[in-house]
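User: I would like to learn how to read local features in a model. Please explain each idea and then apply it.

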Amino acid sequence: MRNSEKYSRGYYMPPVKCMKWAEKEYVDHAPAWCSVDLRDGNQALIIPMSLDEKLEFFNKLVEVGFKEIEIGFPAASETEYEFCRTLIEKNLIPDDVTIQVLTQSREHIIKKTFEAIEGAKNAVVHLYNSTSVAQREQVFKKSKEEIIEIATTGAKLCNEYKKNAKGNIIFEYSPESFTGTEPEFARDICNAVIDIWKPTPDNKVIINLPVTVEMSMPHVYASQIEYMCGVLHDRENLVISLHPHNDRGCAVADCEMGLLAGADRIEGTCFGNGERTGNADIVTIAMNMYTHGIDPKLDFSDMPSLVELYERVTRMRVYERTPYSGALVFAAFSGSHQDAIAKGMRYREEKDCDKWTCPYLPIDPHDVGREYEGDVIRINSQSGKGGIGYILEQQYGYDLPPKMREDFGYAVKSVSDHMHKELMPNEVYDIFCKQYLNIEKRVKVIESHYVQQPNGVITAYVTAKLDGSDKAQTHTADGNGRLDAVSNALKKMLGISYTIVTYQEHATERASTSEAVSYVAVERNGKVYWGAGRHSDIINSSIKALVSAINKALE
Ligand code: KIV
Ligand code: ZN
């Protein structure tokens with residue numbers, strides 16, 4: 001990058017050191033949340049939402065638990081005006097929800113804004129004007145006094161219009177482009193407005209300090225907030241609100257540090273939609289709080305349905321790696337991560353843990369409506385025995401011996417590698433069946449009978465077909481157990497030698513039937529071959545596992 005000298009740091013540190021917030025460790029209570037999805041979010045869309053889409057989104061925001069929702073800029077467009085009127089006239093606003101409407105500080109706009117909210121039980125009238133050095137010099141070409149005059153004229157008009165309004169009207173003032181404004185000037189203009197609105201404990205005023213364009217690191221913003229909290233008139237009757245945009249990718253951090261610095265309220269959007277790089281993502285801020293053990297007072301337990309609605313009505317997309325909501329945020333493809341997760345989940349079960357500590361999963365996927373199955377352990381060529389074995393165990397009930405997991409892991413990785421794609425659980429199971437389960441390609445045992453000798457030795461009579469022949473042959477052999485006796489009979493029949501090195505079995509229950517699953521490894525000419533068998537009878541299942549392993553050895 002050659003032109004960095006073209007840029008200067010266009011933000012303002014407060015005139016006094018304001019770093020008390022840095023001594024706090026975490027946000028210890030939920031702020032008041034205000035969704036601006038239907039205003040700031042909507043005005044940033046390629047195709048703004050229709051009235052029906054806005055209504056659907058509004059209802060969802062209410063369902064999630066938002067008590068304050070900025071529904072638009074009613075004086076700026078017919079659709080926004082109509083939306084506001086529809087909500088009020090059709091009685092669609094719950095009594096405990098306050099709608100918020102944005103207005104510039106101009107008389108005809110303020111007048112129309114009050115007309116728009118006529119009949120609303122609770123409404124915030126949000127007045128703003130730009131205060132930054134750049135806007136004052138380049139856009140408005142006005143002095144500081146003239147900029148204050150715009151704000152105070154608007155504030156007085158709001159007082160006038162409020163006199164005739166019937167509902168409960170709260171005022172909000174935003175020195176727009178606050179972070180590009182000298183802190184002392186931001187203080188003066190906000191105080192001038194506060195002095196006109198005269199907040200009381202029952203009629204607080206919201207002072208919203210927007211990061212209209214994000215210019216600084218989050219600690220600078222936090223210092224600005226701490227400064228403002230200390231210098232504004234009547235602080236106890238104010239609600240200090242944050243409204244960061246995400247130009248430097250730090251809007252969430254701005255909010256979190258701003259809360260540490262004393263703010264009471266956050267304006268933002270779901271998934272961070274909004275002008276340019278977006279507004280602060282309220283889902284992330286709230287869920288960050290949740291994962292620190294603090295109830296955010298918003299309910300994202302059905303995240304998939306919120307994502308679905310959001311994507312449909314905004315025509316935007318939730319990026320796969322968006323914290324808490326992205327399609328891949330719980331997915332582990334890497335073998336070592338899968339292994340740790342599988343062990344962590346088992347540990348949880350065994351120890352009956354009440355705190356969530358599972359490695360590589362910062363949050364329990366169930367808390368946001370996601371599943372362990374399908375969302376967490378995902379299989380591709382990066383995956384390992386832990387995850388692959390976990391899928392087989394959790395979804396299909398096969399608990400493979402550790403060495404067999406390893407063998408199977410290589411088989412699955414190799415398929416994924418060659419196909420160059422992710423494998424779904426049913427494909428993983430398919431590979432298992434084809435590679436190991438009840439294999440009868442060259443040897444097929446038709447039946448076996450046993451006689452126990454007085455010395456405890458078992459004699460097996462084994463009838464089998466070889467190499468696809470229709471002719472069955474029967475061989476007899478002794479052994480110190482049934483499997484051993486069958487194995488000795490098969491060795492005779494096939495004229496080969498091998499050693500059984502592992503035998504393991506367990507019961508498995510699928511639907512209403514309980515079956516036995518067995519795993520056998522045979523070693524032949526220095527190589528180990530695995531087989532698995534499944535049958536309602538445990539002896540038959542072990543013979544099937546042995547026969548599968550022999551078939552693999554003969555391949
Ligand atoms: O980003 C901003 O500054 C705004 C104001 C209108 C609050 O959206
Ligand atoms: Zn904004």
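User: Where does lysine 204 lie?

Analyst: Helices (H or I, at least four residues) and strands (E, at least two) are DSSP runs, numbered from the N terminus. Lysine 204 sits in the loop between helix 7 (183-197) and strand 6 (205-211). This is a predicted model, in which local features need pLDDT of at least 70, side-chain atom pairs count only at pLDDT 80 or more, and totals for chains, interfaces and linings use all residues. Residues are numbered from 1 along each chain as its sequence is written, chains are lettered from A and ligands numbered from 1 in the order in which they are written, and side-chain values use heavy atoms, with hydrogens and water left out.

User: Which residues is lysine 204 in contact with, leaving aside its neighbours within four places in sequence?

Analyst: Contact means heavy atoms within 4.5 Å. For lysine 204 the partners are Ile170, Phe171, Pro199, Glu236, Asn237 and Val239. A polar atom of the lysine 204 side chain lies 3.5 Å from the backbone oxygen of glutamate 236.

User: How should the phi of serine 177 be read, and is serine 177 buried or exposed?

Analyst: Most residues other than glycine have a negative phi. Serine 177 has a positive phi of about 60 degrees although it is not a glycine; its place is the loop between strand 5 (168-176) and helix 7. Buried means under 20% relative accessible area, exposed over 50%, and partly exposed in between (1.4 Å probe, protein chains only). Serine 177 is buried because its relative accessible area is 8%.

User: What of lysine 141?

Analyst: Lysine 141, likewise not a glycine, has a positive phi of about 50 degrees. Lysine 141 lies in the loop between helix 5 (133-140) and helix 6 (144-164) and counts as exposed, at 64% relative accessibility.

How values were computed
A polar contact is a pair of N or O atoms within 3.5 Å; within protein, one must be able to donate a hydrogen and the other to accept it, and residues adjacent in sequence count only if both atoms are side-chain atoms.
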